[in-house]
Structure formats: structure tokens, C-alpha cells
Amino acid sequence: MRKVFLFVLLAATAALAQNPPYAPDRRPGEGEGPFPRLIIRGATVVDGTGAPPIGPVDIVIEGNRIREVRGVGVPNVPIKPEGRPKDATKEIDGSGLWVLPGFIDMHGHAGGAEQGTTAEYVYKLWLAHGVTTVREPGCGNGADWCLHERDRSARNEIVAPRLVPYIFTMRRSWDGGPIDSPEQARKFVQWASKKGFDGLKVFAAGDPIFQPDILAALLDEANKLHLGSTTHLAQMGVAESNILSAARLGLRGMEHWYGLPESLFTDRTIQDYPPSYNYANEQDRFGYAGRLWKQAAPPGSEKWNAAIDELIKLRFNIDPTLTIYEANRDLVRAMRAEWHERYTLPSLWRFYQPSRTAHGAYWYHWTTQDEIEWKNNFRIWMRFLNDYKNRGGRVTTGSDSGFIYKLYGFDYIRELELLQEAGFHPLEVVRSATMWGAEALAAPRGAKVESGVVRPGYLADLVMVDQNPLDDFKVLYGTGAIRVNDANGAVERVGGVKWVVKDGIVYDAKQLLRDVEAMVARAKK
Ligand SMILES: [Zn+2]
């Protein structure tokens with residue numbers, strides 16, 4: 001087993017040999033602002049707290065902060081000019097626009113050598129879909145690369161969302177050697193804190209991170225130093241620690257879903273692996289993962305509810321990234337998504353193709369039965385997420401795009417649709433995508449929540465779209481939503497994010513997409 005780990009580790013290290021170039025400096029004309037006093041006039045606001053839409057309102061933004069959100073009338077009645085905020089140095093006509101807080105993708109990788117993507121390509125796809133903050137769980141391009149881009153984005157030197165790096169707890173992340181003892185785990189966390197990381201992605205590759213004494217030291221140190229923590233609790237570690245046992249040791253959140261069903265076992269302690277199972281074979285890894293939720297205590301059972309309630313009590317965050325698993329239940333849908341043609345780089349397309357070596361390309365024998373198992377797996381998983389939310393837990397939105405036919409930005413919007421499928425009201429989905437993401441990021445530092453809500457005092461991170469996203473999240477896709485024009489029977493596309501505001505800077509979302517389209521066209525030549 002160690003040999004397999006070593007091989008995976010070496011392969012990963014080799015792939016990391018060339019980091020993608022840093023994003024280019026922001027060019028003139030890329031984004032306007034921040035403005036001394038920007039006023040968005042007459043818009044309908046969905047504030048991110050779960051409150052229903054309200055409008056018309058005028059939103060006053062001074063610099064990078066929302067100064068005022070003022071109701072200026074009622075729908076379908078001309079707005080009286082008196083009583084409206086004045087002295088704008090810049091105005092945006094918000095009539096017919098829905099304004100939401102900028103979206104927070106809690107699981108976004110910036111691409112890299114494997115995908116053949118550039119940082120600029122990834123960042124523009126994110127921003128074009130209203131994503132103004134991205135937590136990068138891992139920093140696969142290296143610790144320094146990640147921090148450098150975070151800092152440049154914070155200074156708005158590049159066209160990018162705010163970046164929040166959570167470093168992998170892996171020996172390749174630092175020069176301090178293996179993380180194989182409680183002492184080493186503490187040293188690693190101290191290093192990460194000193195470097196300026198916002199948190200840790202607890203992940204094991206070669207090192208026994210999920211060994212309870214090591215995990216306990218790691219999390220204890222992280223919480224002392226106010227570092228966030230989340231995990232991909234992979235199959236290789238889940239026999240030693242599951243989500244519930246890790247949360248009890250101080251883990252603050254999780255990615256994906258691994259380790260949750262294992263926390264709900266009643267008639268076994270280990271997943272029903274066949275004897276032929278090999279974790280390094282991704283067909284095994286993903287195929288048998290699709291047969292896992294049904295081995296857990298059934299929805300609504302005592303064990304099910306008790307686990308949910310305990311995690312909620314521990315203020316545990318769940319970031320499911322449903323979208324990245326979607327190809328498992330419907331390969332053709334993910335593979336033939338209409339945006340690939342114009343927006344997927346040829347190198348990324350090649351990376352997605354069936355392969356025994358590329359991560360997430362396990363399509364060498366994906367059967368009808370595999371898809372059926374995954375459909376059923378999703379149903380139980382979605383029930384868990386909806387129950388978690390309904391009993392008082394926080395669920396956030398992440399995409400993990402750049403693998404498994406999932407494209408940056410586009411498949412973040414798909415995550416919103418999937419949460420709605422799980423039973424979330426569209427307003428609950430928006431809250432997960434905005435305020436709850438901001439809360440999850442601020443919680444470890446005990447910091448005040450400064451984004452994710454359209455309210456005075458909050459950061460000016462906003463999404464604007466000329467269709468109602470609560471009626472149909474598809475209007476947020478860069479390719480828009482399909483409508484039939486009843487006047488002439490024509491098939492039309494509506495929507496697509498119009499403006500995205502990050503830190504008071506207004507970006508034309510459609511221009512960002514045109515930039516991406518041009519990159520793809522150039523690469524295809
Ligand atoms: Zn990931």
C-alpha cells in the first residue's frame with residue numbers, strides 16, 4: 001500500500017514540476033472602479049440572508065463598501081426622484097436587474113499543468129459566473145504560487161475573485177518532511193499559519209494524517225492558531241477517522257461526502273469492498289463509492305438524526321460539491337454539456353478523456369448499473385443535505401471544477417441547481433452560495449462577516465443579471481437559458497450574468513466570457 005502511495009505522490013510531484021504562469025496584470029479597460037460613489041438604481045435585491053426579493057431599491061457603493069440600500073418605491077409605479085440617493089460619480093441602471101451578493105465557490109482549484117489551463121482562463125470563467133470569492137482547498141500549484149495570487153487578487157492587480165487558500169496537509173506542501181507524528185503535525189500547522197494560509201485541507205497522501213493522535217494534534221493546533229480546516233476524508237483514511245470522529249477532534253468542515261456514510265454505519269465498520277478493490281484504480285474508487293450511502297443507517301433513523309444533530313452542535317460545515325460527481329450518474333450529460341464547444345480548452349478536454357492515469361477520467365468501463373447506483377447514491381446524499389439544513393446545519397456551495405468534465409464557473413451554477421434538486425428553496429440555495437459561505441470562511445478567525453450579504457457596511461461584491469435567478473438558476477449560465485419568443489416563435493437565449501462587482505470594481509461578465517472564448521479559439525488553431 002505504501003508503494004502505491006509513493007507512486008501516486010511521485011506522479012503528483014512530477015505533474016507539479018511546471019506551475020502555470022501567474023495571471024497577467026489587469027489591463028486598462030478590464031473592470032471599472034472602484035468609484036467614489038457608485039449608485040445602482042431601481043434594482044431588485046436578493047440580499048443573501050434568505051429574505052425574499054425586494055425592489056425597486058437604489059444601492060450606494062462608496063469605494064469597495066456598500067454604503068446604503070434604499071427602497072425607492074413599489075413595483076410597476078414610476079419612481080419619484082425626490083428621496084433617491086444623490087451625488088453619484090457613476091450610475092448603473094438597475095431597472096430590470098436582479099442584484100445578489102457575489103457567489104462564494106468554496107471548492108475551486110486554479111487549474112494547472114495537468115489541465116493545461118492558465119490562471120487567467122480559470123479566473124475569468126469564475127468571475128463571469130458571478131463568483132467573487134474562491135476558497136482554494138489544496139493549492140496544488142504550490143504554497144507560494146497560491147499565496148502570491150491571493151495577494152495580487154486582494155490588491156486587484158489581476159482579474160480574479162478573492163482567493164482564500166487552504167493548504168493541503170501533505171509533505172509536498174512544505175519542506176518540513178513527512179507529517180507522521182503529532183509533533184510534526186503541530187509543526188506543519190505552525191508553518192501554515194506563519195506563511196499566512198487561511199486554513200488547512202486535511203488530506204492524506206502517504207502520511208498517516210487520519211491516525212487519531214496525529215489528527216487530534218493537527219486540529220488542536222489549527223484551532224489554537226485560528227486556522228480553518230476542512231477535509232477530503234478519502235477512503236485510505238476513513239477506517240481510522242470518519243467525519244463524526246474527526247469533527248469531535250475539532251475539524252470545522254468537510255468537502256464532498258466521504259466519511260459521512262461511514263459515520264452512519266450500524267451493521268458494519270468498513271465499507272463493503274470487494275476483494276479485488278484497489279484504491280489506485282479510480283474505476284474501483286468511484287464505482288464502489290456509488291454503492292456506499294446505501295450501506296449507512298437509513299434516512300430518518302435514530303442514528304441518522306443523532307449524527308446530524310451532533311455535527312450541527314459542533315458547528316460543522318458541509319460543502320458537498322455535488323456537481324463534481326454528476327458524471328457518475330449521467331456521463332453523457334456531463335460530457336456533452338453545451339458549453340464545452342466554445343469554452344473548454346482543448347488541453348482540458350484531453351485531460352477529461354478516459355485514462356487510467358489522469359485524475360477523474362475513470363471511464364474505461366462505466367456501466368448502466370454504475371449510473372443507477374450513483375443515482376440512488378445521490379438521492380440518499382441529497383436527503384442528508386436537506387435534513388442537515390432543515391435541522392439547523394450549514395451547507396455551502398463548491399464546485400471542484402477542472403476534473404470529470406466539469407468546467408470552471410459553469411459547473412458552479414450547476415451546483416446551485418443540484419442543491420435545489422436536493423430540496424433547498426432557491427432562496428436557501430442563494431443563502432448557501434453567499435452568506436453561509438462568508439460565514440464559514442470567517443468563523444475560524446472569529447472574524448466579522450464582511451461579504452455575502454447586500455447590506456450597508458458589507459463589501460461591494462455583487463452579481464447582476466437581467467432575469468430572475470430564483471425562477472430559474474439556468475439564467476446564470478454564461479450560455480444563458482433557452483426561451484421561445486412568443487411574438488415570433490424564435491428560440492432565444494436569455495440571461496447570463498451581466499455585471500459582476502468585486503471589491504467595488506465593476507466587470508462586464510459577457511466581456512470576460514468573450515475573452516475566454518477567444519483563448520479557446522486561439523488554442524484550437
Ligand atoms: Zn478538490
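**Note on buried loop residues, cavities and backbone outliers**

1. His232 counts as buried because its relative accessibility is 8%, under the 20% limit for that class. The model is predicted, and the remarks below should be read as remarks on a prediction. His232 sits in the loop between strand E10 (228-231) and helix H6 (243-248). Setting aside neighbours within four places in sequence, His232 is in contact with Lys201, Val202, Phe203, Phe210, His256, Tyr258 and Arg285.

2. One of those contacts, His256, deserves its own entry. Phi of His256 is near 60 degrees, a positive value in a residue that is not glycine. His256 belongs to the loop between strand E11 (253-255) and helix H7 (260-263). With a relative accessible area of 2%, His256 is buried. The contact with His232 therefore joins two residues that are both buried, and each of them is found in a loop.

3. Cys139 also has a positive phi, about 65 degrees, although it is not a glycine. Its place is the loop between strand E7 (131-138) and helix H3 (143-154). Cys139 is buried, at a relative accessible area of 5%.

4. Asn141 lies in the loop between E7 and H3 as well. At 8% relative accessibility, Asn141 counts as buried. A polar atom of the Asn141 side chain lies 3.0 Å from the backbone oxygen of Gly111. For a distance check, the C-alpha atoms of Asn141 and Glu120 are separated by 14 Å, and the two residues are 21 apart along the chain.

5. Next, internal space. The structure holds three cavities of 30 Å³ or more, and the largest has about 60 Å³ of space. Gly108, Ala110, Tyr123, Trp126, Glu136, Trp145, Cys146, Glu149 and Leu163 line the largest cavity. By class, this lining has six nonpolar, one polar and two charged residues. Helix H2 (119-128) and H3 each supply at least two residues of the lining, and the largest share, three residues, comes from H3.

6. Helix H15 covers residues 410-421, twelve in number. From its first C-alpha to its last, H15 reaches 17 Å, close to the 16 Å expected at 1.5 Å a residue. Ten of the twelve residues are buried, so H15 is largely enclosed by the rest of the structure. The buried set holds Phe410, Asp411, Tyr412, Ile413, Arg414, Glu415, Leu416, Glu417, Leu418 and Leu419. Charged residues are thus among the buried ones, including Asp411, Arg414, Glu415 and Glu417. Just after H15, Gly423 takes a positive phi of about 115 degrees.

7. Two cis peptide bonds should be noted when the backbone is checked. The bond from Gly33 to Pro34 is cis, with omega near 0 degrees, and Pro34 is found in the loop between helix H1 (2-15) and strand E1 (35-45). The bond from Gly55 to Pro56 is likewise cis, with omega near 0 degrees. Pro56, however, lies in a strand, E2 (residues 54-63).

Conventions: Residues are numbered from 1 along each chain as its sequence is written. This is a predicted model: local features need pLDDT of at least 70, side-chain atom pairs count only at pLDDT 80 or more; totals for chains, interfaces and linings use all residues. Side-chain values use heavy atoms; hydrogens and water are left out. On a 1 Å grid over the protein atoms alone, a cavity is a set of points where a 1.4 Å probe fits but cannot get out, and a pocket is an open set with protein on both sides within 12 Å along at least five of seven lines; lining residues have an atom within 4 Å of a point. Grid points are joined across faces, edges and corners, and a volume is the space filled by probe spheres set on the points. Helices (H or I, at least four residues) and strands (E, at least two) are DSSP runs, numbered from the N terminus. Buried means under 20% relative accessible area, exposed over 50%, partly exposed in between (1.4 Å probe, protein chains only). Contact means heavy atoms within 4.5 Å. A polar contact is a pair of N or O atoms within 3.5 Å; within protein, one must be able to donate a hydrogen and the other to accept it, and residues adjacent in sequence count only if both atoms are side-chain atoms. The expected span of a helix is 1.5 Å times one less than its number of residues.
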